[in-house]
Amino acid sequence: MTELCYSFAEQIKKHISDFEPEVAMILGSGLGSLAEQISNPIIIKYSEIKNFPQSSVSGHKGQFVCGTLQNKKVICMQGRIHLYEGHQPQIICQIIKTFKLLGVKKLFVTNAAGSLTTKIQAGSIMLITDHINMSFNNPLIGPNDDNFGPRFPDMSNAYSLNLQEIAKQTASELNIPLSQGVYLMVSGPNFETAAEVKAFGILGASAVGMSTVPEVISANYVGIETIGFSVITNLGTGLQKNTQSHTETLAMANKATQNLSILLKHIFERI
Ligand code: HPA
């Protein structure tokens with residue numbers, strides 16, 4: 001894939017002139033309303049950026065929102081790009097490289113996920129401590145540009161321990177329940193079978209979803225410090241009686257968003 005990031009960054013800069021985002025946020029299914037807290041927003045639709053991939057999923061708006069949140073300059077993706085939409089994982093790396101070119105130092109990712117254990121119930125927030133890539137794909141496949149990062153990037157601090165500590169401390173002070181666990185990514189778009197849910201639990205994961213891992217791999221590659229949160233929208237297949245649905249995902253995400261909004265806002269004060 002040609003390096004589209006230079007053109008993406010140039011086009012975004014045209015909209016935001018001398019505004020330099022320090023933090024990027026990527027919002028998951030049903031979590032887009034977190035962007036509404038951003039002051040003095042400048043909105044750039046993905047469709048206004050030449051060659052930028054479009055987000056086709058309901059609950060994903062498909063735009064950047066740039067502005068300030070607790071005095072931090074942020075660029076927020078209200079709607080992300082998923083592999084199951086047919087996008088190549090490399091395009092996600094181009095977006096993260098775009099953040100790097102814009103000067104972003106930290107990345108906050110959020111997603112909707114299914115729980116793999118009855119210990120983490122629907123409606124709760126899980127701090128992602130690590131991930132397992134079961135998408136059978138990788139955003140870094142292809143020629144490597146050493147200007148951005150190494151051929152074989154380290155993933156030992158994929159979810160920044162420093163940011164995790166701040167998140168845990170903040171949640172505890174605000175009395176917001178925060179579970180912790182490993183996020184496992186599948187490509188989707190089907191929800192898991194009961195056997196898969198059982199197997200993923202045995203592998204050591206606590207939540208399963210269809211996103212986030214390509215962004216986090218890419219961010220570690222280019223040296224952007226990352227933190228991730230899953231909003232648990234349902235128990236995995238076989239752990240709950242009813243069938244899985246995207247409508248249910250959006251409804252539950254909406255519910256937990258309020259707590260996550262408060263938590264993120266306070267974390268932003270401390271970074
Ligand atoms: N599985 C995969 N992705 C999801 C789920 C799930 O159960 N819930 C929300 N996103």
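A residue belongs to the shell around the ligand here if one of its heavy atoms lies within 4 Å of it. Keep that cut-off in mind for the views below, all drawn from a predicted model.

**View 1. The chain as a whole, with its helices and strands.** Let's start with the full picture: the chain has 6 helices and 9 strands. Along the principal axes, its C-alpha atoms fill a box of roughly 50 × 40 × 35 Å. A compact globule of 271 residues would have a radius of gyration near 18 Å, so the 17 Å of this chain agrees with that expectation.

**View 2. The ligand in its pocket.** Now zoom in on the ligand, which sits in the largest pocket. Three elements each give two or more residues to the shell around the ligand: strand S5 (106–115), strand S8 (207–209) and strand S9 (225–235). Which of the elements gives the largest share? That is S5, with 3 residues.

**View 3. The residues of the shell.** Here you can look for the neighbours of the ligand one by one. They are Ala112, Ala113, Gly114, Phe191, Glu192, Val208, Gly209, Met210, Thr233, Asn234 and Thr249. Sorted by class, the shell has 5 nonpolar, 5 polar and 1 charged residues.

**View 4. Polar contacts with nitrogen atoms of the ligand.** Try tracing these contacts from the protein side. Backbone N or O atoms take part at two residues: one of Ala112 lies 3.3 Å from a nitrogen atom of the ligand, and one of Gly114 lies 3.4 Å from a nitrogen atom of the ligand. Asn234 uses its side chain instead, with an N or O atom 2.7 Å from a ligand nitrogen. Taken alone, the ligand exposes 260 Å², and the protein buries 95% of that.

**View 5. A cis peptide bond between Gly188 and Pro189.** Most peptide bonds are trans. The bond joining Gly188 and Pro189 is cis, with omega about 5°. To find Pro189, follow the loop between strand S7 (178–185) and helix H4 (194–203).

**View 6. A positive phi at Ser17.** Most residues other than glycine have a negative phi. Where is Ser17? Look in the loop between helix H1 (5–16) and strand S1 (23–27). Phi of Ser17 is positive, near 40°, although this residue is not a glycine.

How values were computed: Residues numbered from 1 in each chain as written. Predicted model: local features only at pLDDT ≥ 70, side-chain atom pairs only at ≥ 80, totals over all residues. Heavy atoms only, no water. Polar contact = N/O pair within 3.5 Å; in protein donor to acceptor, adjacent residues only side chain to side chain. Areas by Shrake-Rupley, 256 points an atom, 1.4 Å probe, with all protein chains shown as cover. 1 Å grid on protein atoms, 1.4 Å probe; cavity = no way out; pocket = protein on both sides within 12 Å on 5 of 7 lines; lining within 4 Å. Sits in = over half its atoms within 2 Å of the grid points. Helix = DSSP H or I, 4+ residues; strand = E, 2+ residues; numbered from the N terminus. Nonpolar A, V, L, I, M, F, W, Y, C, P; charged D, E, K, R; others polar. Rg over C-alpha atoms; globule rule 2.2 N^0.38 Å.
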